[in-house]
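Me: I'd like to learn how to read a few features of a protein model. Can you take me through them one at a time?

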Amino acid sequence: MTFAGKTYFDAVSKIGENAAVSPVSRELGVVLMEISEVHKKVQLELEETFKKFHRELITELEKKTDMDIKYMNATFKRYQSEHKFKQDFLDKSQADLKKLRRKSQGKHSSKYEVKENECMETISSRQTDMQRFIAEGCKEALLEEKRRFCFLVDKHCAFTYQLTAFHDKVTH
């Protein structure tokens with residue numbers, strides 16, 4: 001498109017130059033050369049706008065995407081590790097409770113009742129901790145997602161502003 005536009009306006013300029021040497025069409029030749037010159041300037045500004053778009057949005061987005069992938073992978077591994085740690089603690093507490101209940105069958109259950117209650121409280125506490133951990137992880141993930149989309153929206157708004165400024169300049 002750029003090449004075709006340049007070729008076309010070069011041709012219009014040549015026609016204008018040829019017309020400018022004619023005594024009858026001199027003014028029209030000058031007008032054609034001026035039209036060609038204005039369109040070349042507009043085309044160059046539009047090209048600069050798209051180069052800036054590429055530089056400020058596409059290139060930045062590619063860099064940010066690479067960094068985000070590394071960050072998300074590290075965050076996910078950290079989350080998985082901590083989740084496994086918490087799950088292992090919860091599983092151990094549940095296994096302890098099972099053992100305790102097996103021991104207390106047929107024996108003085110009142111003797112084991114206090115220990116069983118302690119195990120139940122520990123399990124409840126660890127389940128609450130696990131639920132809180134999962135909720136915080138989801139909240140963090142959603143916040144990160146929002147940041148990514150905000151970045152993209154901000155960049156597109158800036159580009160739209162540049163295009164609007166370009167169009168305002170061209171129409172005035």
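Reply: Sure. First, a word on labels: helices here are DSSP runs of at least four residues, numbered from the N terminus. Keep in mind that this is a predicted model.

Me: Let's begin with pockets. Which helices each supply at least two residues of the lining of the largest pocket?

Reply: The general idea is that rolling a probe the size of a water molecule over the atoms shows where empty space is left. In this model, H2 and H3 each give at least two residues to the lining of the largest pocket. H3 contributes the most, with 8 residues.

Me: What is the volume of the largest pocket, and which residues lie nearest its centre?

Reply: Its volume is about 350 Å³. The lining has 15 residues, and those nearest the centre are Thr-75, Tyr-79, Gly-137, Glu-140 and Ala-141. Sorted by class, the lining holds 8 nonpolar, 2 polar and 5 charged residues.

Me: Tyr-79 sounds handy for talking about rings. How many aromatic pairs does the structure hold?

Reply: A pair of aromatic rings is described by the distance of the centres and the angle of the planes. There are 5 aromatic pairs here. Tyr-79 and Phe-133 make a stacked one, with 4.8 Å from centre to centre and 10 degrees between the planes. That pair links distant parts of the chain, since Tyr-79 sits in helix H2 and Phe-133 in helix H3, 54 residues apart.

Me: Are Tyr-79 and Phe-133 buried or exposed?

Reply: Tyr-79 has a relative accessible area of 27%, so it is partly exposed. Phe-133 comes out at 10%, so it counts as buried; the cut-off for buried is under 20%.

Me: And what about Tyr-8 and Phe-9: is that pair stacked or edge-to-face?

Reply: Edge-to-face, because the planes are at 75 degrees, with the ring centres 4.9 Å apart. Phe-9 is buried, because its relative accessibility is 15%. Elsewhere, Phe-50, Phe-53 and Phe-159 form one aromatic cluster.

Me: Last one: which residues make up the largest nonpolar core?

Reply: In soluble globular proteins, nonpolar side chains tend to be buried together. The largest nonpolar core here has 6 residues: Leu-90, Leu-97, Leu-100, Tyr-112, Cys-119 and Ile-123. Helix H2 (26-104) and helix H3 (109-171) are the elements giving two or more residues to this core. For a detail to look up on screen, try Cys-119: leaving aside residues up to four places away in sequence, Cys-119 touches Leu-97 and Leu-100.

Terms used. Residues are numbered from 1 along each chain as its sequence is written. This is a predicted model: local features need pLDDT of at least 70, side-chain atom pairs count only at pLDDT 80 or more; totals for chains, interfaces and linings use all residues. Side-chain values use heavy atoms; hydrogens and water are left out. A nonpolar core is a set of buried Ala, Val, Leu, Ile, Met, Phe, Trp, Tyr and Cys residues joined through side-chain atoms within 4.5 Å. Buried means under 20% relative accessible area, exposed over 50%, partly exposed in between (1.4 Å probe, protein chains only). Contact means heavy atoms within 4.5 Å. On a 1 Å grid over the protein atoms alone, a cavity is a set of points where a 1.4 Å probe fits but cannot get out, and a pocket is an open set with protein on both sides within 12 Å along at least five of seven lines; lining residues have an atom within 4 Å of a point. Grid points are joined across faces, edges and corners, and a volume is the space filled by probe spheres set on the points. Ala, Val, Leu, Ile, Met, Phe, Trp, Tyr, Cys and Pro count as nonpolar, Asp, Glu, Lys and Arg as charged, and the others, Gly among them, as polar. Rings of Phe, Tyr and Trp (its six-membered ring) pair if their centres lie within 6.5 Å; planes under 30 degrees apart count as stacked, over 60 as edge-to-face and the rest as tilted.
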